[in-house]
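Me: Please take a close look at one part of this model, the surroundings of the ligand, and then carry on into the nonpolar core.

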Amino acid sequence: MGLAVLGRRSPGPSSGVTEAFKADKDSRKINLGVGAYRDGNGKPYVLESVKKAEELLNASKTDKEYLPITGLADFNKRAALLAYGADSVPLNDGAIAVTQSISGTGALRIGGAFLARHYPHSKVIYLPVPSWGNHTPIFRDSGLEVRGYRYFDKKTVGLDFEGLKADLRRSLNLHGYQAAPEQSIVLLHACAHNPTGVDPTQAQWAEISDIVKERQLFPFFDMAYQGFASGDTTRDAFAVRHFVSQGHQIALAQSFAKNMGLYGERVGAFSLVTADPAEKARVDSQLKIVIRPMYSNPPIHGALIANAILGDKALYAQWEGEVKGMADRIISMREKLFGMLTHDLQTPGEWSHIKSQIGMFSFTGLNPAQTKVLAEKAHVYMTADGRISMAGLNAGNIVHFAESVDAAVK
Ligand code: PLP
């Protein structure tokens, strides 16, 4: 056909896992590759607060008209309030530009395209190594050059904080990663880092904020898991709010896929902290110019659901309880798995990272050969890098999983 499509790799690493899982007929099979929450019975979970919001919407007979280019204005206000908090100075000053987006992916894509066009100082974005697999193509397709900064330490299965600081600080390093020159864009996972489950502590965030300021880097936060990490939406927003309190003008991608279970509804927001309301107005109009040729305007249904929840005291309280319920179930699976490997089975190795990591994902430290054995011998599926979704574990399958891991590493 003459189209230059050869040699492009697609899709992401977890889709192959799901295909292999589907083809496996063994009743003990477990899929730990999916990036969506599963309840205690391994089933997709629709939040009660979401069901109630949908009932309210049906009763109020909302129409299906087009939204404006930047989406549902009330939703945008409430999404920003959730992220930045009621005490946020730029939010209260009317200096944050917000647009609805097609979930977190769309928010990152809008942000990438906006910065590629309007950020005058650099066209390079630094991602943690490793990062969510879609970050690189999203930012490349947005017109930015993608480079990495050190994040994960394979030896400790924890944060490589010294490497991270060095890469954000130094102009040259010896580890193969080119350090970020001043004013580069740096992508930070606000909480529940995907794929590692390793987050900086609050004290480490404060240090990162100082370095970002010192080097005049531009911080772009990806917050796909607010509330889903610790169970507390305020706590999970710490990094974002701390940076803003330190005077950083951040970009922020928000997703409501995980914390409201609205995966397929594609609800998200992109926002940019600007200098003042006049700059905000200019950014608002440039955002429209970026968005209009991409998809004209965003879908309405999911935004109405999220808006109904965020705007109603009782529904909001119910939702907060449900987010905490999901986070707590994941945390309890971490504790159970750690206990089984360390105490019950006395599996060789150090497994405390299973407990200290946060959010849906955990980097187990299992290597590609071990993950292959787990799939072939134990019908347990995960990505080859050893990442598991803790949400895929439940009371019915955790024993089989722990015993299989034990056998694979012995
Ligand atoms: N960012 C991170 C780190 C993610 O893990 C995900 C989803 O897995 C997203 C963004 C975007 O997800 P969505 O587009 O479904 O909101």
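Reply: The ligand is surrounded by 13 residues, where a residue counts as near if its C-beta atom, placed from the backbone, lies within 6 Å of the molecule. Ser103, Gly104, Thr105, Asn194 and Ser255 are the closest. This is a predicted model, in which local features need pLDDT of at least 70 and side-chain atom pairs count only at pLDDT 80 or more, while totals for chains, interfaces and linings use all residues. Residues are numbered from 1 along each chain as its sequence is written.

Helix H5 (residues 103-118) gives the most to this shell, with three residues; helices are DSSP runs (H or I, at least four residues), numbered from the N terminus. By class, the shell has four nonpolar, eight polar and one charged residues. Nonpolar here covers Ala, Val, Leu, Ile, Met, Phe, Trp, Tyr, Cys and Pro, charged covers Asp, Glu, Lys and Arg, and the others, Gly among them, are polar.

As for the core, the largest nonpolar one has 114 residues. Such a core is a set of buried Ala, Val, Leu, Ile, Met, Phe, Trp, Tyr and Cys residues joined through C-beta atoms within 7 Å, and buried means that 20 or more other C-beta atoms lie within 10 Å of a residue's own, all placed from the backbone. Ala83, Val186, Phe221, Met223, Val240 and Ala306 touch the most other members. Helix H13 (residues 313-344) supplies the largest share of this core, nine residues.

Leaving aside neighbours within four places in sequence, Phe221 is in contact with Leu188, Ala190, Ala239, Val240, Ile250 and Leu252, contact being C-beta atoms, placed from the backbone, within 7 Å.

Technical notes: Helices (H or I, at least four residues) and strands (E, at least two) are DSSP runs, numbered from the N terminus. A residue is buried if 20 or more other C-beta atoms lie within 10 Å of its own, exposed if 12 or fewer, and partly exposed in between; C-beta atoms are placed from the backbone. Two residues are in contact if their C-beta atoms, placed from the backbone, lie within 7 Å.
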